[in-house]
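Reader: I'd like a close look at one part of this chain, taken slowly. Could you walk me through a single helix and what sits around it?

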Amino acid sequence: MAAAVISNSKDELIHFSLGNGAFGGIVAPGADNSKVDVRNAGVKQFYTVNTYETFKKFSVPATIQYISLDVEGAEESIIESFPFDAYTVLAFTIERPSKKVLEILELQNFVEVGILGNFGDTMYLNKRTPKFIEVLKKGQIQITKIEKKIVEVTEEDIFPVRNVRKSRAQGVRCPYHKLDHCHKTLLHYTATYETVLKRLGLKKVT
Amino acid sequence: MSTNAQILRVFAKRTIGFLFISCILCSYILLQYSQEILVYPRFAHSNKNRAGLNQDTEFLISSPCADFVKAPKDDEAAVVHYRQGWKTLHMYVGPEITCSIDSFESFSQVNQDTVIHTMFPSRGYFIDLAANAGSTYPTHIPLKDTVVGMDFA
């Protein structure tokens, strides 16, 4: 385990909220902790480090199977400076990815596996993953089991789930058997259920 | 002589019969007891899987196999056990069936680790970039068993 504040800039002095349990993070405009008072006892100052140099220091291999990115609003800053030239990431989960993050992931050939839960935790898979379709199918079957609470999954089950309270779609929004319709662009996690269905060439789900 | 032999034969038959019935009875009793066991909630350290009262229907351990690990809400003995830190589980002992999310114990907020474990079952490398104290709020503990990785916090 390494304690470091990773950012797109190096040696920048920032305020970091440590006193907020699981919701700690950088205190800066745009971040989840933007309104935290820097005079609070739980706020400390740290110098930022660069992703590439940190990975080098810890001998991270060139191929990383999975990165979980849940940094309470600083996701964009990390993805923007991520050393995609030096490291191949096969899968990401990113909480509430911004449009800028989606643009970068599109350029890096990522496809959406699905959205888990109600907080916009979205999983992406790199098209360069060995046995890409097979791995995507496995992931989408598992997400369907979780989101639809079913044991046996057929191809017809692998479709978006309507979040009634928020009118959004979650679960598998770009099924492996409909990739032709949806692999080129990544949808924002707030996209409506109707928008997701329209993209798949469906008017309504039976 | 023949009378003694007859008596012995009848005695032997009755003994065998008694033993046979005893065996069946013992097996039945053992089976009954083996279905009702007291288990300390092993997921208590995980927020997601913490045992708790579900006021709507019943209280249960929110595990991936929750459908098979539950107790009715009117089970007073179970409620008492729960308040004392123990819980009676009604354990499924029927034919082999498939649990909805296999047997992987998830520690993630929304089962991210379960999905990744399915997609990359063999060894790999993972990084958990989180904005908190990684040792206090780890997201992907179970992956460490199958995947080599590191946490940045």
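Which residue follows H3(A), and what is the sign of its phi?

Author: Sure, with one caveat up front: this is a predicted model. The residue that follows H3(A) is A:Asn109, and its phi is positive, near 65 degrees. That's a positive phi on a residue that is not a glycine. A:Asn109 sits in the loop between H3 and S7 of chain A. As for its surroundings, A:Asn109 counts as partly exposed because 15 other C-beta atoms lie within 10 Å, and the buried class starts at 20.

Now the helix itself. H3 of chain A spans residues 99-107, and its buried residues are A:Val101, A:Leu102 and A:Leu105. They cover an arc of only 100 degrees around the axis, so they end up on the same side of H3(A). Turn to the face pointing away from that buried side and you meet the exposed residues A:Lys99 and A:Leu107. So what covers the buried residues? The cover includes helix H2 (75-80) along with three strands of chain A, namely S6 (88-95), S7 (110-116) and S8 (121-126).

Go back to the other end of the helix, and there's a second residue to look at. A:Arg96 lies in the loop between S6 and H3 of chain A. A:Arg96 is not a glycine either, yet has a positive phi of about 45 degrees. With 17 C-beta neighbours inside 10 Å, A:Arg96 is classed as partly exposed.

A:Arg96 also leads us to another loop, since A:Gly120 touches it. A:Gly120 is placed in the loop between S7 and S8 of chain A, and those two strands are among the elements covering the buried residues of H3(A). Leaving out residues up to four places away in sequence, A:Gly120 touches A:Glu95, A:Arg96, A:Ile115 and A:Tyr189. A:Gly120 is partly exposed because it has 18 other C-beta atoms within 10 Å, with 20 needed to count as buried. There's a long jump in sequence here too: A:Gly120 and A:Thr190 are 70 residues apart along the chain, but 7.8 Å apart in space, C-alpha to C-alpha.

To set that pair in context, take the contacts in chain A with a separation of 6 or more: 56% of them join residues 24 or more positions apart. Chain A has 206 residues, of which 39% are buried, and its secondary structure comes to six helices and 10 strands.

Definitions and conventions. Residues numbered from 1 in each chain as written. Chains lettered and ligands numbered in written order. Predicted model: local features only at pLDDT ≥ 70, side-chain atom pairs only at ≥ 80, totals over all residues. Buried ≥ 20, exposed ≤ 12 C-beta atoms within 10 Å, placed from the backbone. Helix = DSSP H or I, 4+ residues; strand = E, 2+ residues; numbered from the N terminus. Arc of directions from axis to C-beta. Contact = placed C-beta atoms within 7 Å.
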